[in-house]
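Please look over the sequence and the structure shown below before reading on. The paragraphs that follow walk through a sheet, the helices beside it, and two individual residues.

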Amino acid sequence: MATITDIAEKAGVSISTVSRVLNHDKNLSVTEETKRRIFETAEELNYTKYKQKKKKKTDQKTKQKSVAIIQWRIGEQELDDIYYMSIRIGAERKAQELGYSLMKFSDLDNSLSKVDGVLCIGKFDKITIDMILSKNDNVVFIGTNFPLNNFDTVNSDFSQAAELALHHLLELGHKKISFIGAEESNNLYGYRTYRTPVTNAYLDIMKQISYYDDKYFFVETNTYLSVETGAELTKKALAKWGKDLPTAILAGNDAMAIGIMNVLTANNIKIPEDISVIGINDLAFSQYTNPPLSTIRIFTEEMGEIGMETLNQRITSPRIDRRIILTTELIDRDSTAKPRE
């Protein structure tokens, strides 16, 4: 496991700056470039699968193939929740290994027809999907959950992730379990929301075992699963709960969990003694929070890697469309514990 010192040395910043950036300290004033360098360094140092791999040598006489990457979230948006950054890093490394040159797009462009394939990272709606497919026959989507239609998809099983998180809390003895999440837009050109698999799994499981309580369910619509959203919803939740606090909180993702933990700490609510917190994703910064965040590991870099491998297969040998779903894993750290008697 990479340490904060390792990250600081490679990123060329102080240990304190790394710690504050990874913990999303809103009082820290650093540039977007510095934040990006720290987050990317943390993800790369925690993803060691490629360390022993050699780059694939390309035949200099053969024209190098190219792929375009379309990102759903770019710039500062990508830094709000580095889930998509982590996927991108895995995809870029695999593209280099396979000998592809990379082009990046934040929107649709006619030059998509000039590349050999297109990798789309994020949540895209049917209109956007059809527009991209009209420009290139070789397309793979990572993170888009629409019926197959002439393209491949790579996703993680977020329903399973929510089940693992809830079962962990239930096994610890929690009954008053809150959910703080968000319903994102999935359209590059407007806002259209949908209920996430994590939200659905929470509602289904908690209602099935008769533990569901409406006052512990907080979901914001038309927004991102970000640190800021987690913090704002937690402030609203604390005002509503008063002294009737839940004993545990399932966050929509790790970024929201950071916002939740920051607000709880600011209100002198101890984690996990008073309230346990668990996230979803296990991004690099999760192990550096205070306390270290219990979470469900989503194999993000592998999603990017498999997405690029699948795109390579589609480019080199036409075949039937595939839907690939990766499983998840519980990472038990210090932010969850048995509830007080």
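**A sheet, its helices and two buried residues**

In this predicted model, the side chain of Ser86 makes a polar contact with the side chain of Glu301, at 2.9 Å. Ser86 belongs to helix H5, which covers residues 83–98, and because its relative accessible area is 0%, under the 20% limit, Ser86 counts as buried. Once its neighbours within four places in sequence are set aside, the residues in contact with Ser86 are Glu43, Leu283, Thr300 and Glu301.

A second residue to examine is Asp125, which is found in the loop between strand E3 (117–121) and helix H6 (126–133). Asp125 has a relative accessible area of 1% and is therefore buried, the limit being under 20%, and its side chain makes a polar contact with the side chain of Thr128 at 2.8 Å.

Turning to the sheet, the reader can trace 6 strands in the order E9-E6-E10-E11-E12-E14, which form an open sheet with mixed pairing. Strand E9 (217–221) and strand E14 (329–331) are the edge strands, each pairing on one side only, and neighbouring strands are turned against each other by 15° on average, direction ignored. Within this sheet, strand E6 (residues 177–183) and strand E10 (residues 248–251) run parallel and are joined by 4 bridges, with Ile180 standing opposite Ala251 in E10.

Helix H7 (residues 158–172) packs on the sheet, where it touches E6, E10, strand E11 (276–281), strand E12 (294–297) and E14, and its direction makes about 160° with that of E11. Helix H9 (residues 227–241) also packs on the sheet, touching E6, E9 and E10, with its direction at about 140° to that of E9.

Methods
Residues are numbered from 1 along each chain as its sequence is written. This is a predicted model: local features need pLDDT of at least 70, side-chain atom pairs count only at pLDDT 80 or more; totals for chains, interfaces and linings use all residues. Side-chain values use heavy atoms; hydrogens and water are left out. Helices (H or I, at least four residues) and strands (E, at least two) are DSSP runs, numbered from the N terminus. Buried means under 20% relative accessible area, exposed over 50%, partly exposed in between (1.4 Å probe, protein chains only). A polar contact is a pair of N or O atoms within 3.5 Å; within protein, one must be able to donate a hydrogen and the other to accept it, and residues adjacent in sequence count only if both atoms are side-chain atoms. Contact means heavy atoms within 4.5 Å. Two strands pair if DSSP finds at least two bridges between them. Axes are lines fitted to C-alpha atoms, for helices over the stretch in contact, and angles run from 0 to 180 degrees between N-to-C directions.
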